[in-house]
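User: Hi! I'm new to this structure and would like to learn about its charged pairs. Could you walk me through them?

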Amino acid sequence: MRVLIADPDSTTVDPLPNLLSDHGHEVQVAADVECCLESLDESRPDILLLESHLPTRGGRQVLERLLQTSNSPLLPVILVSDDIALFDPRAYPNLVGWIRKPYRLSDLLVLIDYSQTQWSRHKKKDERSQHNM
């Protein structure tokens, strides 16, 4: 699975590419909003691990952009935040999980797998309902 990590905190992020690749994931890192949006357009990740406090305009801008882009709303997002109440999951349907720093790799791996499974079910359900219309 292709994982895009959007997080400026090098102490958290630096070990993740090697650790996640050991578990079969391809990892790309973006340290700010602009790099994240560019990576979303170029690399088409399968899941986004998004720090809510990205420099410049923050994680909310990335979520807003995903809603506006025709091929991106299908991208599941795991939010890294101390306060999930800042983000209404009803406003961001691709927000599939939440984790707080510092997190353990084992917790992140479980959340990635769970989120991908839940998102696959969600997409299949949507496809069936659109097909039945």
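User: How many salt bridges does a search of the whole structure find?
Analyst: Happy to help! Please keep in mind that this is a predicted model. Side chains of opposite charge can pair when their charged atoms come close. Searching the whole structure for such pairs gives a count of six salt bridges.

User: How far apart are the closest N and O atoms of Asp7 and Lys101?
Analyst: Asp7 sits in the loop between β1 (2-6) and α1 (10-13), while Lys101 is in the loop between β5 (95-99) and α5 (105-131). The pair links distant parts of the chain, 94 residues apart. In their salt bridge, the closest N and O atoms are separated by 2.8 Å.

User: Is Asp7 buried or exposed?
Analyst: The cut-off for buried is under 20% relative accessible area. Asp7 has a relative accessibility of 4%, so Asp7 counts as buried.

User: Which helices hold Arg65 and Asp41?
Analyst: The side chains of these two residues meet in a salt bridge of 3.0 Å, N to O. The pair ties together parts that are 24 residues apart in sequence, because Arg65 lies in helix α4 (residues 58-68) and Asp41 in helix α3 (residues 33-43). The helices are therefore α4 for Arg65 and α3 for Asp41.

User: Which residues do salt bridges that share partners join into one network?
Analyst: Lys101 forms a salt bridge with Asp7, and Asp9 also forms one with Lys101, at 3.5 Å between the closest N and O atoms. Glu51 belongs to the network too. The joined residues are Asp7, Asp9, Glu51 and Lys101.

Definitions and conventions. Residues are numbered from 1 along each chain as its sequence is written. This is a predicted model: local features need pLDDT of at least 70, side-chain atom pairs count only at pLDDT 80 or more; totals for chains, interfaces and linings use all residues. Side-chain values use heavy atoms; hydrogens and water are left out. A salt bridge is a side-chain nitrogen of Lys or Arg within 4 Å of a carboxyl oxygen of Asp or Glu. Helices (H or I, at least four residues) and strands (E, at least two) are DSSP runs, numbered from the N terminus. Buried means under 20% relative accessible area, exposed over 50%, partly exposed in between (1.4 Å probe, protein chains only).
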